Amino acid sequence: MPATMILRPATLDDVPALARFANDTFCAAFGHLYRPEDLESFLEEVYSEASVREEVAGDQCIHQLACDGAGLLGYVKLRYPSWYAEHSGARDPIALGQLYTDLARIGEGIGAALMEWAIAEARRRGHDAIQLSVWAENFGAQRFYSRYGFDKIADIDFWVGQHRDDEFLYEMRLG
């Protein structure tokens with residue numbers, strides 16, 4: 001973990017920066033895969049300030065930010081109830097909806113710190129599993145999740161506008 005990094009919950013004041021960071025990170029990593037109209041539709045639905053504000057203000061999502069003196073380094077989002085509960089025999093799973101880090105800072109421990117927070121938070125809340133989806137061709141992310149004990153439990157679809165991606169549903173049981 002970078003020495004100057006702090007982890008903290010998102011507030012409504014963070015919404016503009018969080019929405020911009022999420023949008024920019026998604027586009028940098030995956031934007032080239034989609035037709036402009038599909039990408040635009042998805043970004044409006046998921047990463048617009050209005051959508052992010054609704055999540056931060058609501059009671060279904062928890063956003064934990066990784067920050068330093070210069071700004072946002074990454075974030076993780078937990079969602080309860082999990083979108084994927086029907087794919088598992090877990091009693092009370094929570095979903096990890098996004099774990100994004102500044103692409104220029106990958107490998108510095110930011111993602112690891114956010115993942116460790118997410119696991120600890122899920123345990124603290126009494127959940128018996130964490131579920132997440134990962135693009136079938138995102139091999140780096142799959143290796144990262146596997147290091148934490150996540151296993152593939154299903155093939156699922158992920159929609160960006162009218163474009164369907166093959167996704168893998170991963171789950172880590174908490175004991």
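Does Cys67 count as buried or exposed, and at what relative accessibility? Select Cys67 in this predicted model: the residue counts as buried, at 8% relative accessibility. **Cysteines**

Keep Cys67 selected and add Cys61. The sulfur of Cys67 has its closest cysteine sulfur in Cys61, 18 Å away, which is too far for a bond. Cys61 is buried as well, with a relative accessible area of 11%. A disulfide would need the two sulfur atoms within 2.5 Å, and a search of the whole structure finds 0 disulfides.

**Lys77**

Next, select residues 71-79, which form strand β3, and pick out Lys77 within it. Lys77 is buried, with a relative accessible area of 2%. Show its surroundings: leaving aside residues up to four places away in sequence, Lys77 touches Glu55, Cys61, Ile62, His63, Trp83, Ala95, Leu96, Gly97 and Gln98. Cys61, from the previous stop, is thus among the residues that Lys77 touches. Now display the side chains of Lys77 and Glu55, which make a polar contact at 2.9 Å. For a longer view, add Trp159: its C-alpha is separated from that of Lys77 by 19 Å, and the two residues are 82 apart along the chain.

**Helix α4**

Move on to residues 110-124, helix α4. The helix has 15 residues and reaches 21 Å from first C-alpha to last, close to the 21 Å expected at 1.5 Å a residue. Colour its buried residues: Ile110, Gly111, Ala113, Leu114, Met115, Trp117, Ala118, Ile119, Glu121 and Ala122. Finish just after α4, at Gly126, where phi is positive, about 85 degrees.

Notes
Residues numbered from 1 in each chain as written. Predicted model: local features only at pLDDT ≥ 70, side-chain atom pairs only at ≥ 80, totals over all residues. Heavy atoms only, no water. Helix = DSSP H or I, 4+ residues; strand = E, 2+ residues; numbered from the N terminus. Expected span 1.5 Å × (residues − 1). Buried < 20%, exposed > 50% of the residue type's maximum accessible area, 1.4 Å probe, protein only. Contact = heavy atoms within 4.5 Å. Polar contact = N/O pair within 3.5 Å; in protein donor to acceptor, adjacent residues only side chain to side chain.
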